[in-house]
Amino acid sequence: MGGEYPVVPPRSLASLCDQIAPLLPIPVFFLRRHSLSLLRKVQLLSLVLRSVTASSPSASSALCLRELHAVLTKALNLVQFCHRSSRVHLLLLLPQLSIHFHDIGLDISTVFDVLPPGFLLDLDLRENALLLRRRSEPPCDPKGDRLRHEIIAVLDELRHERPPDPEDLRRIFFELGLQNRDECDDEMECLREVMMKTEEQEPEPSLSLVDLFCLVRYAKQLLFGIECSGASSVEPPDWESEKEEPEIPEDYRCPISLELMRDPVTVSTGQTYDRSSITHWLETGHVTCPKSGQLLKSTELVPNLALRSLISRWCAEHSIPFDESSEAAGAGGHAGTLAVINSKPAIEATRLTALFLVDQLRSDLPPARTHAACELRVIARSGSPLIRAAIVNAGAIPLLVPLLDCGDPVAEENSVTAILNLSIHDGNKEPIVSAEGCLEGIIRVLRCGSTETMRENAAAALFSLSSAAALKERIASEPGAVDGLVELVRSGSIRARRDAVSALFNIATKKDNVPRVVMAGGTDAVVELLRETDGGLAEEAAAVVAMLARQADGIVAVVAAPGGISALVWVLRTGSPKAKEHAVAALLELCRHGGQEALERVARAPLLVRSLHSLLYSGTSRAKRKAASLVRICGGCCGLSATTHSMPVSLAVSVPFR
C-alpha cells in the first residue's frame, strides 16, 4: 500500500514553508490580515514538520503529506502573485484573494484532521497539530472593501465620460499608498508586466487591466503634475522605450499606417494592407494601390489568413498582445507598449490625461513642456485613433512646433516623435501639415537633428504624412524636404533610409513631384540602394525607380544614373519577388518611353536574357506579364529574339502587357 503514493519528505515541506514565510505578510493593508493568518499557520507548520521523526510513513500519512505539498505550492504561487501585482489590481481582486487565502488555511486544517494519530508521536507536536486544525472565519477588511467599491465607482464615472472628482481620487490613491509620481510609475510598470506575461483575468466583466493602467496614468498627471527637475534627462519610461521593443518585420507592417497589421487583407494588385487602413483609403475616393500606384481592378479585400497566422505567432513569441477582432485593429499602437485601448474607461482616462498634458505644453517652464511632450509621445504611440484625434483637436500641434527648434535635443526628439505618432491617424495629417512652421520644423530635424533617432523619426513623419494624396505636393514643395530625404537615403541608418525611401516613393506617386526628386539627386541615391542587402532596402528602392520611370524626367535620370540599368538587372537576378516585379516594370518603362538609346542599353545588359527567362517561369503573375512584354519590345535588338526560342510561346509572346 505504501508504494502507491510517492512519499514527500517532511523536511522538503518545511523548506517550502521557509520559502513562503519571508514573503508574508503582503505589504498592502487590505491583505495584511489574510496574510498574517497564513503566516502563523506556515510558521507553525514548519516547526511541526521539522520535528517529525517518522522515516517510513504509512500510506495514509504519505497521502496527507502529498496533499500538504499541493496546498503549500498553491500558497507559494498565490503569495508570489500578490508580490508581483499592482496594488490597485490586488484591491479589485480582493474578494477572490480573500477566498484563496481562506481556502488554503482550510486545506491545511483538513490535512491535519485526517492525519493518522500515529504520525505525530511527540506530545508537543500533537498540541501544535491541534492548533493547525483550528478553522477561522475569513478576515474582513471594511476599509479595503470600501476602497474597492470607490475604485469601481471611479471607473464607472469614466465609462460614462464624467471626470472623477480630483479630491476623491487623491484620497483613494493616498490610502492605497500611491503618493507621488514614482510610486505611480512603479504601479504602472507592475500592471504592464501582468498584462504582458499573463492572460488577463478580469475581476468583473466591466473591469480590465488596461482600464486600471490608464486610470493610474491619469491620476499621476492630475494629482502630482509635471516633474520639472532634470529636464535634460526627460525620456519615455523604460517600459515604454522604443529601444526595448522587438523590430517588427517589414512584411508585418501596413504600408499605409506603418503599424503592425492586425487584420491583413490583399487588394487586386497583390499588395497587402491592414483592413482599417486600406478601407479608409478606398472610402476617401482613391482608386489606385497606395504602394504600387496601379489602378485597382476591384475594391475587393481578400483576407490574408496565412500572414495573419504568422503575425499572431510572432506576437505570441514576443509577448505582444494580438487582438483578433477587426474592430480593435485600428486602435493599437506600436508593438510591445500596451494592450489595445478600446474600452470606454480606458479611452476616457487617456483622453483626460492627454488634455491635461496639452495644457502643460502652454507652461512657461521649459522642463514642464519637455515632460508633457514626452508623455504625449507615449500616449499617442499606444492610443486609439480617437485619442490621437483628441490630442490634435486640443491644439497640441502648434504647441509642439516650437519644441522642434528649441535647442534641447531631448525636447526636440520628444516633439518630433509625438508628431510622428499623432500623424498615424489619417484625420490628423492635414492639421499637422497646415500648422504654421510644422513642416519646416520636421525638415530641420530631418537635416540637422543631433541624434540618429531624431532624424529617423523625422523621416518616418514625412513618410506618414506623404501617404495622404492631398499632401504629397505640399510636402515636396517645402524647401529642403526632398533634399533632406535624399541626404538621409545616402547616409542614414537602415531604419532612416527605409523611411526616407518610402517617403520619396509616396512623393513620386504625384507626377509633378518627379522633377523635384530628380533634381535633388534622388535617382542616383535610390539606384545605389538597388544592390543593398540589409533591411529590405532594395525592394523599396526598386519601387521608387519604377515610379520615377513612369515620367520623362525620371526615365532620363535612371538611364543616366551610373550603373542604373545593370543594378536593375541585378535585382532581377537576386531580389525578392516584389523587388523583381518593380525592377522589370522599370526596365519596361525605359524601353517603351526612353528612346532607342535606352532600349539598346537595356537589351545589351549582361545577363538580362537569363534573368527574364527565370522570371517568366518563377516570378509573380504581374512580373511574368511585364517580362513577356519586355521580351517582345527588346526582340529586335541584339538578337534577343533568337535567344528566347527555348521559352514556351505562351510565356514569351502570348502573355499580355498590363
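Select helix α1 (residues 10-20) together with helix α3 (residues 59-84): the two pack at an angle of about 15°, with axes 10 Å apart. This is a predicted model, in which local features need pLDDT of at least 70 and side-chain atom pairs count only at pLDDT 80 or more, while totals for chains, interfaces and linings use all residues. Residues are numbered from 1 along each chain as its sequence is written, and side-chain values use heavy atoms, with hydrogens and water left out.

Helices (H or I, at least four residues) and strands (E, at least two) are DSSP runs, numbered from the N terminus. Axes are lines fitted to C-alpha atoms, for helices over the stretch in contact, and angles run from 0 to 180 degrees between N-to-C directions. Helices α1 and α3 are therefore roughly parallel to each other, a term for angles under 35 degrees. Display the side chains at this interface: residues of α1 including Leu13, Leu16 and Ile20 meet residues of α3, among them Leu65, Leu72 and Val79. Contact here means heavy atoms within 4.5 Å.

Move next to Pro164, in the loop between α7 (142-159) and α8 (166-176). Is Pro164 buried or exposed? Pro164 counts as buried because its relative accessibility is 7%; buried means under 20% relative accessible area, exposed over 50%, and partly exposed in between (1.4 Å probe, protein chains only). Not counting residues up to four places away in sequence, Pro164 touches Val154, Leu158, Leu169, Tyr218 and Leu352. Of these, Val154 is ten residues from Pro164 in sequence, and their C-alpha atoms are 5.9 Å apart.

Now select the open sheet of three strands, whose order is β2-β1-β3 with antiparallel pairing. Two strands pair if DSSP finds at least two bridges between them. The edge strands, β2 (272-274) and β3 (302-303), each pair on one side only. Strand β1 (residues 264-266) is joined to β3 by two bridges, and Val265 stands opposite Pro303 in β3. Add helix α11 (residues 275-283), which lies across β1, β2 and β3 and runs at about 95° to β2.

Finish with the largest nonpolar core, which has 111 residues; Ile391, Ile397 and Leu630 are among those with the most contacts inside it. A nonpolar core is a set of buried Ala, Val, Leu, Ile, Met, Phe, Trp, Tyr and Cys residues joined through side-chain atoms within 4.5 Å. Helix α30 (residues 577-593) gives the most to this core, with nine residues. A second, separate core of 70 residues includes Phe30, Val48, Leu49 and Leu78.

Key. Angles under 35 degrees count as roughly parallel, over 145 as roughly antiparallel, 65 to 115 as roughly perpendicular and the rest as oblique.
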